[in-house]
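Please open the structure in your viewer and keep the selection tool at hand. The stops below are best followed in order.

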Protein chains: 2
Amino acid sequence: MLRISKLTDYGVVLASHLATLDGPRSVRELADDTAVPQPTTAKVLKALAKGGIVSSTRGAHGGYALAAAPADINIAQVIAALEGPIAVTECTDDTSDDSCSHEDHCGVRGNWQRINAAVHTALEAVSLADMAQRAEAPLITLSLSAADADAARLSRH
Amino acid sequence: MLRISKLTDYGVVLASHLATLDGPRSVRELADDTAVPQPTTAKVLKALAKGGIVSSTRGAHGGYALAAAPADINIAQVIAALEGPIAVTECTDDTSDDSCSHEDHCGVRGNWQRINAAVHTALEAVSLADMAQRAEAPLITLSLSAADADAARLSRH
DNA sequence: TACATATGGGACCGCTGCGGTGCTCTTTGC
DNA sequence: GCAAAGAGCACCGCAGCGGTCCCATATGTA
């Protein structure tokens, strides 16, 4: 599956929706617009505010707005704000202590880190501005480095 | 997090280890070699066998071996065998019914599918042969398609 | 044939974290 | 002072993860 959580998905939807607006909007408005349940919307936006993705205004006529231009916020940042640092496996998570008991036998750790970096780069490459529009052209294309590309291609056919 | 499960991680480690061997090995041997608990090793290998990643031999002197050459099996296949089809979000999962209640308001679905495809491609590009060796050179590099690359770069700086 | 050695296929269980809800406190505009 | 809004926290049901165990079945060997 390699799935992000539903809350994170909501976060991306909400942030993308905010990218299409100019001023701050209340939780009620945003929940109505995106069809995300109101309490859940509030929870997600709180997390996004804590992560610096959106800025909040308290009090009457308050609400949430993007903390930066839509083009300056990418999907990796939104995911990080809601789920913590992106790490495909535990041993690619830099924030955890390095005590992987399998490290001696593992031998695949370095490769996981590279895969993780590739995924992270893919998510970094997509901004909220990209998500906000119903893009028709592919957002990302992958290319292998020369030597490995040949090896991979040959190995698969 | 965007994390794969521990069991899947074990599966990759076990499959990568099998890639360095020639003949079939028993669960006991593989568990000893990789420091993965024996019952868990058995569980993971059963799933891999079901998914066609490894072939099993029952009875005395039986065990598990890769079902194909290490270069012909990629990480995406291993993950799929253990976690089902790779889908970053629920609505990118082709196997589920299309009844996404937010589809009308969502507008980001197409973009998620592209991100999902990029991640999938990244995982497909790495074979067990790649994982088996402690590679020093980067396995994958990402490049954006021309137009979007410029847009993304400009948008971030 | 009997037995030891394997995997196959379940059932089972504790626990974490997800998804969701509700409450109270604080801030702010009118 | 009051109403509107977010901040912060606590809480809950539950699915799925990680891990273990048991029994059925297959197979080489004495």
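The tour visits the two DNA strands and then one helix of chain B.

The model is predicted, and the selections below should be read accordingly.

**DNA strand C.** Begin by selecting DNA strand C and its surroundings, which comprise 24 residues. The closest are A:Ser5, A:Lys6, A:Pro37, A:Gly59 and B:Ser56. Next, colour the elements that give two or more residues to this surface: from chain A, helix H1 (6–19) and helix H3 (38–50), and from chain B, helix H2 (27–34), helix H3 (38–50) and strand S2 (63–66). By class, the surface near DNA strand C holds eight nonpolar, nine polar and seven charged residues.

**DNA strand D.** Move to DNA strand D, where 24 residues are again found around the strand. Here the closest are A:Ser56, B:Ser5, B:Lys6, B:Pro37 and B:Gly59. At least two residues each come from H3 and strand S2 (63–66) of chain A, and from helix H1 (6–19) and H3 of chain B. The surface near DNA strand D divides into eight nonpolar, ten polar and six charged residues.

**Helix H3 of chain B.** Now select H3(B) alone. Its 13 residues should span 18 Å at 1.5 Å a residue, and the end C-alpha atoms agree, being 18 Å apart. Display the buried residues B:Thr41, B:Val44, B:Leu45 and B:Leu48. These lie on the same side of H3(B), because they cover an arc of only 100 degrees around the axis. Add H1, H2, strand S1 (54–57), S2 and helix H4 (75–83) of chain B to see what the buried residues of H3(B) pack against. Then turn to the face directed away from the buried side, which carries the exposed residues B:Pro39 and B:Lys50. Finish at B:Gly52, just after H3(B), which takes a positive phi of about 80 degrees.

Note on methods: Residues are numbered from 1 along each chain as its sequence is written. Chains are lettered from A and ligands numbered from 1 in the order in which they are written. This is a predicted model: local features need pLDDT of at least 70, side-chain atom pairs count only at pLDDT 80 or more; totals for chains, interfaces and linings use all residues. A residue is near a molecule or strand if its C-beta atom, placed from the backbone, lies within 6 Å of it. Helices (H or I, at least four residues) and strands (E, at least two) are DSSP runs, numbered from the N terminus. Ala, Val, Leu, Ile, Met, Phe, Trp, Tyr, Cys and Pro count as nonpolar, Asp, Glu, Lys and Arg as charged, and the others, Gly among them, as polar. The expected span of a helix is 1.5 Å times one less than its number of residues. A residue is buried if 20 or more other C-beta atoms lie within 10 Å of its own, exposed if 12 or fewer, and partly exposed in between; C-beta atoms are placed from the backbone. The arc is that of the directions from the helix axis to the C-beta atoms. Two residues are in contact if their C-beta atoms, placed from the backbone, lie within 7 Å.
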